[in-house]
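Reader: Please show me the model, and then let me ask how its labels are justified.

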Amino acid sequence: MDADTSPRDPRAGVDQATFRRALAQLAGGVVVVTSADAENGPAGVTATAVCSVSLEPPLVLVCLSAGSRTREKIATSGRYAINVLDSGSRAHAERFAQAGDGKFDGLSWTSGRFGCPVLPDSIAVCECEVEQSVEAGDHTVFIARVLGVTTAETPRSRPLLWYRGRYTHVSMEDVE
């Protein structure tokens with residue numbers, strides 16, 4: 001049978017599997033987005049949909065799934081922290097990628113200056129206050145002002161990356 005050559009509606013889009021395969025070609029830095037409130041404690045989720053928006057004022061965004069508990073916590077508290085993971089922190093990425101409660105059980109963490117959990121071994125942390133949220137498909141985009149930044153990078157620090165459905169990192173030779 002020949003391929004379908006009939007005209008298609010250009011707004012029809014692509015199927016999810018094709019879309020996933022295409023975006024798997026885009027490497028993303030792995031972070032854990034955390035938030036907290038006094039009543040229900042901390043929440044966190046692994047994410048790669050994070051980017052800078054503006055230098056003046058300093059703005060970043062994160063995109064979280066509509067079903068995420070962390071998303072709900074951010075919507076309520078208005079704050080979040082972006083914990084940038086080092087390549088040696090894959091266990092943190094896997095822990096926070098799981099559904100359910102107990103992600104902070106047995107984990108040593110500190111509360112940042114603005115109340116959000118800061119994970120050990122993060123090579124950078126941005127503490128943020130939400131300025132705008134936008135519903136986009138099955139995600140919420142939280143655009144936030146960066147209130148504080150800490151870095152703990154060392155000369156050997158390498159960010160944890162997500163590429164083609166796997167964790168990876170860059171070599172130091174690629175950076176220098």
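Reader: What makes Arg-69 and Asp-101 a salt bridge?

Author: A salt bridge requires a side-chain nitrogen of Lys or Arg within 4 Å of a carboxyl oxygen of Asp or Glu. In this predicted model, the closest N and O atoms of Arg-69 and Asp-101 are 2.8 Å apart, so the pair meets the definition. Arg-69 lies in helix α2 and Asp-101 in the loop between α3 and β7, so the salt bridge ties together parts that are 32 residues apart in sequence. Helices (H or I, at least four residues) and strands (E, at least two) are DSSP runs, numbered from the N terminus.

Reader: Why is Asp-101 called exposed?

Author: Exposed means over 50% relative accessible area, buried under 20%, and partly exposed in between (1.4 Å probe, protein chains only). Asp-101 has 69% relative accessibility, so the label is exposed. Arg-69, at 48%, is therefore partly exposed.

Reader: How do you know that β2 is largely enclosed by the rest of the structure?

Author: Seven of the seven residues of strand β2 (residues 31-37) are buried, so that conclusion follows. Val-31, Val-33, Ser-35 and Asp-37 cover one side, and Val-32, Thr-34 and Ala-36 the other.

Reader: What makes β2 and β6 a pair?

Author: Strands pair if DSSP finds at least two bridges between them. Four bridges join β2 to β6 in the antiparallel sense, so the criterion is met.

Reader: Which conventions apply to the model?

Author: Residues are numbered from 1 along each chain as its sequence is written, and side-chain values use heavy atoms, with hydrogens and water left out. In this predicted model, local features need pLDDT of at least 70 and side-chain atom pairs count only at pLDDT 80 or more, while totals for chains, interfaces and linings use all residues.
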